[in-house]
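Take a look at the model below. The paragraphs after it go from confidence to overall form, then to the sheets, and last to the pairing of the chains.

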There are 2 protein chains.
Amino acid sequence: MKIALAQINYHIGNFESNTSKIITALEKARAAGADLVVFAELAVSGYPPRDFLEFDDFIERCLLSVEQVAAHCKGIAAIIGSPSRRADIKGKNLHNSALFLADGKVKAMAHKSLLPNYDIFDEYRYFEPFREFEVIEYKGKRIALTICEDIWDIGEDPLYTINPMDELIKQSPDLMINIAASPFHYEQARTRKEVILTNVRKYNLPLFYVNHVGAQTELLFDGGSLAASPRGFVFDELNYFDEDLRIFELEEVINASPKQDANPLGILTDKTVLIHDALVMGIRNYFGKLGFTKAILGLSGGIDSAVTMVLAARALGSENVRAVLLPSAFSSEHSVNDAVELAANLGSPYDLISIENAFDSLDETLQPVFGDLPFDIAEENIQARIRGVILMAMSNKFGHILLNTSNKSEAAVGYSTLYGDMNGGISVLGDVYKTEVFRLARYINKDEELIPEHSITKPPSAELRPDQKDTDSLPEYDILDEILFQYIEKRKGPKELVAMGFEKPIVDRILKMVNTSEYKRFQTPPILRVSSKAFGMGRRMPIVARYLS
Amino acid sequence: MKIALAQINYHIGNFESNTSKIITALEKARAAGADLVVFAELAVSGYPPRDFLEFDDFIERCLLSVEQVAAHCKGIAAIIGSPSRRADIKGKNLHNSALFLADGKVKAMAHKSLLPNYDIFDEYRYFEPFREFEVIEYKGKRIALTICEDIWDIGEDPLYTINPMDELIKQSPDLMINIAASPFHYEQARTRKEVILTNVRKYNLPLFYVNHVGAQTELLFDGGSLAASPRGFVFDELNYFDEDLRIFELEEVINASPKQDANPLGILTDKTVLIHDALVMGIRNYFGKLGFTKAILGLSGGIDSAVTMVLAARALGSENVRAVLLPSAFSSEHSVNDAVELAANLGSPYDLISIENAFDSLDETLQPVFGDLPFDIAEENIQARIRGVILMAMSNKFGHILLNTSNKSEAAVGYSTLYGDMNGGISVLGDVYKTEVFRLARYINKDEELIPEHSITKPPSAELRPDQKDTDSLPEYDILDEILFQYIEKRKGPKELVAMGFEKPIVDRILKMVNTSEYKRFQTPPILRVSSKAFGMGRRMPIVARYLS
């Protein structure tokens, strides 16, 4: 039996485009002699459709797409993800389903049993979990068909009380197929493949796995669909960060021997490279799916905006990224020179617009209420906010989307100005700690000095008052980032952090900064998610609270 | 048996304060001869604790609070809500529990079985549902103890596959106790009481119900804890929008007859009055729990900022609300006069700051890039954003929190400026449609003309260009609001809206405006929730999508 895996970049709610891509892949697989073509979880709608699932009209559109795809399934079968309506009145009204299409119609269904409802997942919000299990027979083969999370609960502290494959295996299947929507983070491909290999070893069956690829606002999907051998290695994997279609002969996957000295996990890419590629895809798809081509950003001469600009140039083309240099009285000459040099290196357009007159004018405007009060955070923020006004005015005038350039360390401690440098349609580095931003810069510069060396080596500064340095009010970034990582990604509390060797006053101060700046992050742009715990939909904290604050 | 219901305004994560309030109420109930005092769901932590529940340290603090409260339970028992750790390794690690405390310790537990995971609720994110049911015996009475949602699934399209009270009733309980965290919206008190009366009638038992009161960022809790008679009426209900403690003699509740001509549902308050009272509480608690006393807002002379200012003055005191009038070249003279009059009526401080010089300066700053391009949305937004800069500068300088004054109709169609009039720490009217804002204004003015009549009667305008009116680009508000209500609150799709009699081109245009402005609402301040579907945590839509857009 020939099985095609179709890895597609879907567009949420764009039924015409999704259905057309699905049918194109189906025809291509048929032309290549495939017996079965497998598409991802909730392929017809794109993932995650979120509360669109609560609209009857949206579900009808999904089911219509299924019908349209089914009509093409003659002489070939397909497995495709879609929401489906439940007949049983008890429980929620939908299942998250894998439909088996053949002979022009829906011939069988499997429904998702384990509904992830943590981090960025909200599946129990919409779907009823399924508790009956039946293999699907096709061309003499028995298929154990599952959906994403269904094969993930194999650890020592299971999150669910049932394991679907433990049930399905009782029916003696010949192969496993898992359709998924498994969002990227920099450790996810490795973890995913470890989970898949644990399954093939445990059940002694081949597994065909189809993932999404492409960006859906915050969520990035890296693809990496694959066929895994029952002997416990990745037989072959599809493209990462790009669409792909590949056809496998079932017997070949079953009988293959592992290559000598090859890692059973297949392709494993360096963390910094993964983040780089994911962010480029994230920017490209954010613009492409919204129908925009051009970006604008404030280029400060610092490392964050420099890295953001290079990633945007790689995503959209240098000519489509417009840099705006917005010096104030406190900007160093270096800053302007470094920014100009970067724009020149990329061949991108740039504008130099001093904010001094606008600042003076606002200063004067506020004189009647501020009187002789000393320069403080208010004036620092006015500068950042004037920059925000100018960038948004240009975005409005020319139809560019503004890129936010804040990094995760800043976002975590609230070291950025709401309605100022926090502005933007999408945050490129909001899930990248400062220490990782440095590694990205080094990676970008590996062949030539694209980002001026000085932008990388000079001490980070917001340049909002004379001689300001980030370390005036923050610990060194290597310490800061490790505390943040343990608190944010690893859910460690203050006692555990002190037990790890961090000083209590620093721990207390940092956690307090994180918790008291929730109100800022509530209003932050969507952040391209590259870690296991990004600010945004996957991290839900109260604003008005008093805990570690 | 004497049962005390303790309705408390908790502060999320503020264990010292919560525990102290709980113990104070317990001692007060003891002094009044109560046998049992009942506290709300997750009382020790406040509700909703959200992802704090993922921190071991946070759970330990909860359990420590339970111990402290239990130590006071000598000669009196208590029922209190807290997360609890599960022994079983399978499934999630926590329950949402009701602990029965007596003789200085935890004597029994009930765990929540039905975990709401819709709208603003995320309980399946943290908790494992419970499937074993046992009544609690105390002083010869058998108590069927449930938690909030456990008694709600009594409709014709049940959301869950099990009904806890149907199980507990088999054990012949004498009374029902339900501890809850039931957030306010303007229909919720009625619905809640209907649900409670359905339960008492179905099981022929009295029910003692304890709710939270107070605001937790977006979520408002109206209190209204109550005792319900097995004969199907509300025996007595506690305060709305305020803390309360009341003691009931069980036999008296069981034996009471309904008052002639009384509504079995008890107190039912008009929608506009409810919204008014809820918003005043929401503002007061947002400031109080964050430790702030003073608010600032832009006062335009229009109805939205006028209503916001009155609500803030009632929440914080007139002297603590500072109005800033920020006229531009397009502001009518009336606007300034109306605004001044309102501030004078309230006796609140105000400042008049023209934005013309700052606008001219920014216009000049942008001249090299804008050249001779015509005045458009870019310049309109610059005005709104300069106002935002000035208000935030004053907020930063003086330690005020900026109040956002946008209404729900504007927020829905994106008729507001990101980083301009969308700024604020909290949005007061973001869940109130424009037509309801008018009703609020009329209600506020019922005894005297606090809001200048002209602010209410003049045609709404953003005054960002000459002679602009809201109706230039929007349908009349009564039509707009009805379409929005059906789409947002009632989840009606385009076909259903047309079938209801709305014109297709208008429906299509409005839904498109709503869906294409998700990116703006993503960055909006938290909105005080007064409807069944507010923008914010309870409404989760993709930004990058193409559905009805």
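What is the mean pLDDT of chain A, and what share of its residues reach 70 or more? The mean is 97, and 100% of the residues of chain A reach 70 or more. Here pLDDT is the predictor's confidence in each residue, on a scale from 0 to 100. For the complex, the predictor gives an ipTM of 0.96 and a pTM of 0.97. The model is predicted: local features need pLDDT of at least 70, side-chain atom pairs count only at pLDDT 80 or more, and totals for chains, interfaces and linings use all residues. Residues are numbered from 1 along each chain as its sequence is written, while chains are lettered from A and ligands numbered from 1 in the order in which they are written.

Start with chain A as a whole. Chain A holds 17 helices and 19 strands. These are DSSP runs, numbered from the N terminus: helices are H or I with at least four residues, strands are E with at least two. The C-alpha trace of chain A spans about 85 × 55 × 50 Å along its principal axes. Its radius of gyration is 26 Å, which agrees with the value near 24 Å for a compact globule of 549 residues. That radius is taken over C-alpha atoms, and the globule rule is 2.2 Å times the number of residues to the power 0.38.

Now find the five-stranded sheet of chain A. It is open, with parallel pairing, in the order β17-β16-β15-β18-β19. Strands count as paired if DSSP finds at least two bridges between them. At the edges are β17 (350–352) and β19 (426–427) of chain A, each paired on one side only. Further in, β15 (residues 295–298) and β18 (residues 401–404) of chain A run parallel and are joined by two bridges. Ile296(A) stands opposite Leu402(A) of β18(A).

Two helices lie across this sheet. Helix α7 (residues 303–316) of chain A crosses β15, β16 (321–325) and β18 of chain A, at about 170 degrees to β15(A). Helix α10 (residues 377–398) of chain A lies across β15, β16 and β18 too, at about 165 degrees to β15(A). Axes are lines fitted to C-alpha atoms, for helices over the stretch in contact, and angles run from 0 to 180 degrees between N-to-C directions. Contact between two residues requires C-beta atoms, placed from the backbone, within 7 Å.

Move to chain B for a six-stranded sheet. It is open and mixed, ordered β6-β7-β8-β9-β12-β13 in chain B. Because β6 (136–138) and β13 (233–237) of chain B stand at the edges with a single partner strand each, one side of each has no neighbour in the sheet. From one strand to the next, the twist averages 25 degrees. Strands β8 (residues 175–179) and β9 (residues 207–210) of chain B run parallel, joined by four bridges. Asn178(B) stands opposite Tyr209(B) in β9(B).

Some backbone details deserve a stop. The peptide bond joining Tyr47(A) and Pro48(A) is cis, with omega about -5 degrees. Pro48(A) sits in the loop between β2 (36–38) and α2 (56–71) of chain A. In chain B, the bond from Tyr47(B) to Pro48(B) is cis, with omega near -5 degrees. Arg491(A) is not a glycine, yet has a positive phi of about 60 degrees. Arg491(A) lies in the loop between α14 (477–488) and α15 (494–499) of chain A.

How are the two chains related? A rotation of 180 degrees, with 0.0 Å of shift along its axis, superposes chain B on chain A at an RMSD of 0.0 Å. The two copies are therefore related as by a two-fold rotation axis. Superposition is by least squares on the C-alpha atoms of residues with pLDDT of at least 70 in both. Gln523(B) is the residue of chain B that comes closest to the axis, its C-alpha at 2.1 Å. Both copies use the same surface: 100% of the contact residues of chain B recur in chain A.

Finish at the interface. Here 79 residues of chain B are in contact with 79 residues of chain A. Helices α2 (56–71), α6 (271–290), α9 (356–370), α10 (377–398) and α15 (494–499) of chain B each supply at least two residues of the side that touches chain A. The largest share, 14 residues, comes from α10(B).
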